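The exercises below ask you to read surface, fold and packing from a single chain, with a worked solution after each task.

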Amino acid sequence: MRGRGAAVTYLSHNASFHSRENITPANPGTKHIEAFDITVTALLEEPAVTGPVIGSLGSPTTEPGHVSDRSRVLWATAFGDLSGIREEMTAVARCSLPDHLALSFRGCISFWVAGEIADEDLHERAYAIAAALLFGFVKPEVEGRLMHLLK
């Protein structure tokens with residue numbers, strides 16, 4: 001692959017390939033943790049390529065980007081039918097969690113790109129973000145798994 005968009009094309013193709021393989025979450029209510037896992041795994045396959053590519057996504061330009069909007073849509077899509085989310089929290093989850101997940105995950109990846117999170121710590125840090133954000137929304141039977149990821 002050559003050209004300015006080659007690495008981004010590779011990364012998005014590779015991530016989407018992995019996401020098709022792992023689209024069914026192991027436990028209801030933890031789809032986003034699996035989504036973080038798929039993404040982090042794809043990023044870590046070639047960190048020397050993906051780190052600079054991800055870092056460039058937030059680079060200043062004369063035109064606003066659409067990274068935030070696209071990320072929110074992807075996280076909202078990961079919710080699907082909201083299985084695993086407490087019924088009384090579905091409206092709030094649908095409305096706010098995609099944005100919070102997008103911002104938080106982008107922050108985690110930015111710290112990784114900056115070298116402040118080591119490759120070997122990226123999965124754990126990403127899981128902890130997802131667990132913290134999801135904790136108040138999931139059904140009681142999922143809380144134990146999330147609590148384990150926070151420790």
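**Exercise 1.** State how much area the protein chain exposes and what share of it carbon and sulfur atoms supply.

*Solution.* The protein chain exposes about 9000 Å², and carbon and sulfur atoms supply 58% of this area, with accessible areas taken from the Shrake-Rupley method with a 1.4 Å probe. The model is predicted, so local features need pLDDT of at least 70 and side-chain atom pairs count only at pLDDT 80 or more, whereas totals for chains, interfaces and linings use all residues. Residues are numbered from 1 along each chain as its sequence is written, and side-chain values use heavy atoms, with hydrogens and water left out.

**Exercise 2.** Describe the pattern that the protein chain follows along the sequence.

*Solution.* Counting helices as DSSP runs of H or I with at least four residues, and strands as E runs with at least two, both numbered from the N terminus, one finds seven helices and zero strands. The pattern therefore reads α-α-α-α-α-α-α.

**Exercise 3.** Determine which residues of α4 are buried and how they are arranged about its axis.

*Solution.* First, α4 has 13 residues and reaches 19 Å from its first C-alpha to its last, close to the 18 Å expected at 1.5 Å a residue (1.5 Å times one less than the number of residues). Next, its buried residues (under 20% relative accessible area, with exposed meaning over 50%, 1.4 Å probe, protein chains only) are Ser71, Trp75, Ala78 and Phe79. Seen down the axis of α4, these fall within an arc of 110 degrees, so they line one face of the helix, the arc being that of the directions from the helix axis to the C-beta atoms. On the other side of α4, Arg70, Val73 and Thr77 are exposed. Finally, Gly80, just after α4, takes a positive phi of about 55 degrees.
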